[in-house]
Amino acid sequence: ASSSFEPQAQKQAADAPRLLPRDTPARVTVGRNSRQAPFAPPQKYSIHRGEVQTVQEFGAFVTLEGFARDGLCHVSQLSNAQGGEKLQASQIVSPGDAVWCKVIDISWTKERFFLSRKYCDQSTGEDLDPRQVTHLADLAEKEKDKASRLEQ
């Protein structure tokens, strides 16, 4: 026994647009609220006030004022290590800390952005590397270290 309702429901379901996984907006968690939001990162090399959300072994996730997604501040970007000492992220920042961060990279394919705390004056938010000279030198040193490790 088939009702006249079933074919109508099947037709409506067949006519409904189908969303592919890439068409659905990314799920974003802001604080304790979860919502849909497109990827809209801050401008590269811009400086923002933010709040540390979580601290991991590899760095800290920071929510910047006015942006839906958290950025990652790698442990190497949290401070200038003196004399080659390696500090843990938890020794430098804690959840809830207010920080100034500079956007140093954006991954459009992974929809992530990366931050640095060490290029900002933590009192005033002043850009300590306005022409990215130190940042680019740090990148070159990192690539040099990586190449020497591959040769060994």
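Buried here means under 20% relative accessible area, a cut-off to keep in mind for the first view of this predicted model.

**View 1. Phe39 meets Trp108 edge-to-face.** Phe39 has a relative accessible area of 14%, so this residue counts as buried. Its ring and that of Trp108 lie 5.2 Å apart, centre to centre, with 80° between the planes. The pair brings together distant parts of the chain, 69 residues apart: Phe39 sits in the loop between β2 (33-36) and β3 (47-56), and Trp108 in the loop between β6 and β7. Unlike Phe39, which is buried, Trp108 is exposed, at 57% relative accessibility.

**View 2. Phe58 and Phe61 also form an edge-to-face pair.** Here the ring centres are 6.0 Å apart and the planes stand at 85°. Both partners are partly exposed: Phe58 has a relative accessible area of 40%, and Phe61 has 26%. The model has 2 aromatic pairs by this count.

**View 3. Strand β7 pairs with β5 and with β6.** Have a look at β7 (residues 112-116), which runs parallel to β5 (residues 70-74) over 2 bridges. On that side, Phe114 of β7 stands opposite Leu72. With β6 (residues 98-107), β7 pairs in the antiparallel sense over 5 bridges, and Arg112 of β7 faces Ser107. A hairpin joins β6 and β7 with 4 residues between them, and Glu111 in the turn has a positive phi of about 55°.

**View 4. Residues 16-28 have pLDDT below 50.** The chain as a whole has a mean pLDDT of 83, with 75% of its residues at 70 or more. Over residues 16-28, the model shows 16 contacts beyond near neighbours in sequence. Please go gently with such views: where pLDDT is low, the predicted coordinates should not be read in detail.

Notes:
Residues are numbered from 1 along each chain as its sequence is written. This is a predicted model: local features need pLDDT of at least 70, side-chain atom pairs count only at pLDDT 80 or more; totals for chains, interfaces and linings use all residues. Side-chain values use heavy atoms; hydrogens and water are left out. Two strands pair if DSSP finds at least two bridges between them. pLDDT is the predictor's confidence in each residue, from 0 to 100. Contact means heavy atoms within 4.5 Å. Rings of Phe, Tyr and Trp (its six-membered ring) pair if their centres lie within 6.5 Å; planes under 30 degrees apart count as stacked, over 60 as edge-to-face and the rest as tilted. Buried means under 20% relative accessible area, exposed over 50%, partly exposed in between (1.4 Å probe, protein chains only).
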